[in-house]
Amino acid sequence: MSLPKNDFSRLTRANAEWIASPKLMLIGGQWVNALSGMSMPVYDPSSRQSFCSVPRASLADVDRAVQSARKAFDGGAWPRMPATERSKLLWRLAELMEKDSRNIAQLESIDNGKPVSRAQEIDVPLAVNFVRYMAGMATKIHGRTFEMAVPYAPGFDFAAQTLREPVGVVGAIIPWNMPLLMAVWKICPAVAAGCTIILKPASDTPLVALRIGELAMEAGFPDGVINIICGPGGEIGDALVTHPGVDKIAFTGSTAIGKAIARRAVDGMKRISLELGGKSPVIVMPDAALEVAVPGIMLGIFANCGQVCSAGSRLYVHKSLHDSLVSALVEATNTIEVGPGLEPDTLMGPMVSEGQLLTVKSYIKLGLSEGADLLAGGHAPDSEGYFIEPTILGNTNNQMRVVREEIFGPVLTVQTFETEDEAIELANDSIYGLASSIYSTDAEAIDRLIPRIRAGTVWTNCHNIFDAALPFGGCKDSGVGREMGPEVIEMYTELKSVCRARRKIT
């Protein structure tokens with residue numbers, strides 16, 4: 001039986017009308033078409049059919065967006081506006097997003113393919129919470145003051161202070177896997193710090209970013225502070241990276257592209273933050289509780305169809321627990337309802353694009369050719385869309401490409417270990433260091449393992465749990481810098497040192 005495609009009659013009237021209306025880009029506070037008049041189709045991942053189009057920016061559009069952001073930063077009031085005013089605007093944006101949550105969730109679903117229920121329960125609340133958190137952070141950006149001891153100027157006293165100032169114009173390039181979250185993760189800390197921004201969403205998923213732009217204008221953000229342009233990354237993203245009017249590049253995406261961006265950005269000495277790929281290990285100790293481990297592992301690898309940079313894709317389970325854990329995982333995996341994102345019963349939607357579907361299928365085929373056993377899934381259901389079954393591969397090892405390389409799909413590899421040292425060696429045997437998780441009921445064992453894992457995040461007895469206050473980012477080839485938490489403000493500010501001299505009074 002063939003899987004159905006999205007039923008667009010499920011859309012709200014507001015969304016149906018919005019999709020049918022012409023899409024424009026946000027530049028300088030105005031909604032404009034591409035100067036060339038060119039456009040790009042937007043496809044429904046459940047049917048491969050185009051249902052609307054967005055402008056396709058050119059280099060000239062990039063330049064006018066940068067000039068707009070530059071004007072708002074250099075000559076506008078935004079960087080010098082009281083932090084409380086920036087905070088109010090972010091708070092207002094959060095309120096508008098919350099009020100529009102049903103519409104946003106539907107756009108996220110048809111844009112990316114994810115189940116609308118998951119977008120409503122996970123993506124939208126996380127995004128709203130983050131905007132509110134950044135509204136609070138806007139008023140908490142500060143330096144420090146201290147006394148100085150200068151032995152070679154005996155006739156003077158010295159006092160010092162540090163200031164955190166906005167880095168300037170930000171060029172932000174985001175991926176297609178979490179369109180809503182990626183947009184607010186870039187926009188909100190930038191504007192909270194007093195920067196202006198040009199956001200380029202992924203070509204596959206531009207709709208939610210444009211909707212956030214509309215809500216930002218409704219909230220009252222000044223012209224030019226937030227600009228949103230659409231276009232292919234190879235052309236438009238590269239133009240942002242190399243534009244002399246851009247001070248900082250914030251990128252989320254693949255490690256290969258992130259490295260290329262870093263090389264290009266250094267020519268202009270641009271500040272960069274890079275949230276890149278991952279191949280996150282999941283360690284299940286012999287005392288782990290299956291009723292905790294199974295749902296945690298499932299969320300870690302199959303959420304968002306596995307299209308998550310922190311996906312727990314490498315499972316290392318103690319030999320004594322292997323059979324019972326794998327049996328439970330296979331049983332749970334076989335119950336996952338795969339279907340169009342707008343269907344209320346869907347638990348896993350399609351991949352975002354044909355290219356990503358083909359990538360995942362090729363990796364499953366590669367894993368089997370390398371000697372892995374197919375324990376669950378592995379097939380593409382009969383459908384017009386980009387669907388793939390959630391997949392578990394057993395009998396794997398760290399020499400296999402399917403274990404070493406990021407697949408970015410719903411594919412879990414499984415292997416065993418016998419000692420803690422072996423588990424750590426296997427977990428750290430990767431070019432990536434984004435995230436990891438440990439399942440155990442032994443608090444002392446967890447405390448021993450946490451400092452030995454080379455990853456930016458270690459979850460214990462859970463995976464893919466996020467909060468606005470918890471910094472997120474990685475080491476090794478997983479990137480530079482952090483998203484979320486107070487630490488993200490450091491990515492959008494420059495530190496200025498001030499030294500004040502005063503002649504001693506005798």
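Hi everyone. Let me begin with Asn177, which touches Asn112, Lys114, Met182, Asn304, Gln307, Val308, Cys309 and Phe408, leaving aside residues up to four places away in sequence. A word of caution before we go on: this is a predicted model.

So where does Asn177 sit? You'll find Asn177 in the loop between β7 (169–173) and α6 (179–192). With a relative accessible area of 4%, Asn177 is under the 20% cut-off, so it counts as buried. One of its contacts can be described at the atomic level: a polar atom of the Asn177 side chain lies 3.1 Å from the backbone oxygen of Gln307. Asp204 is 27 residues apart from Asn177 along the chain, and their C-alpha atoms are separated by 9.5 Å.

Asn304 was on that contact list, and I'd like to stay with Asn304 for a moment. Its place is in the loop between α10 and β13, just after α10. Is Asn304 buried or exposed? At 12% relative accessibility, Asn304 is buried. Now look at the backbone. Most residues other than glycine have a negative phi. Asn304 is not a glycine, yet has a positive phi of about 55°. Met269 does something along those lines too, with a positive phi of about 50° although it is not a glycine. Met269 belongs to the loop between α9 (255–267) and β11 (271–275), and with a relative accessible area of 56% Met269 is exposed.

Back to α10 itself. This helix covers residues 290–302, which is 13 residues, and spans 17 Å from first C-alpha to last, close to the 18 Å expected. Its buried residues are Ala293, Val294, Gly296, Ile297, Met298, Gly300, Ile301 and Phe302. What do they pack against? The partners are β12 (281–284), β13 (314–318), α11 (322–333), β15 (391–394), β16 (411–417) and β18 (435–439).

Several of those strands belong to an open sheet of 7 strands with mixed pairing, in the order β14-β15-β16-β13-β12-β18-β19. β14 (373–376) and β19 (457–460) stand at the edges with a single partner strand each, so one side of each has no neighbour in the sheet. On average, neighbouring strands here are turned by 25° against each other, direction ignored. α11 packs on this sheet, touching β12, β13, β14, β15 and β16, and its direction makes about 140° with that of β13. Then there is helix α14 (residues 420–428), lying across β12, β13 and β16 and running at about 150° to β16. For a closer look at one pairing, β15 and β16 run parallel and are joined by 3 bridges; the bridge partner of Ile392 is Leu412 in β16.

Let's turn to another sheet. Here 3 strands form an open, antiparallel sheet in the order β5-β6-β22. The edges are β5 (145–148) and β22 (493–503), each with a single partner strand, so one side of each is left without a neighbour in the sheet. From one strand to the next, the twist averages 25°. β5 pairs with β6 (residues 156–166) over 4 bridges, and Glu147 stands opposite Ala159 in β6.

One last residue, and then I'm done: Asp123, in helix α5 (residues 116–137). Asp123 counts as buried, because its relative accessibility is 4%. Which residues does Asp123 touch, not counting residues up to four places away in sequence? They are Glu108, Lys114, Arg118, Met178, Leu180 and Leu181. Lys114 should sound familiar, as Asn177 touches Lys114 too. Thanks, everyone!

Definitions and conventions. Residues are numbered from 1 along each chain as its sequence is written. This is a predicted model: local features need pLDDT of at least 70, side-chain atom pairs count only at pLDDT 80 or more; totals for chains, interfaces and linings use all residues. Side-chain values use heavy atoms; hydrogens and water are left out. Helices (H or I, at least four residues) and strands (E, at least two) are DSSP runs, numbered from the N terminus. The expected span of a helix is 1.5 Å times one less than its number of residues. Buried means under 20% relative accessible area, exposed over 50%, partly exposed in between (1.4 Å probe, protein chains only). Contact means heavy atoms within 4.5 Å. Two strands pair if DSSP finds at least two bridges between them. Axes are lines fitted to C-alpha atoms, for helices over the stretch in contact, and angles run from 0 to 180 degrees between N-to-C directions. A polar contact is a pair of N or O atoms within 3.5 Å; within protein, one must be able to donate a hydrogen and the other to accept it, and residues adjacent in sequence count only if both atoms are side-chain atoms.
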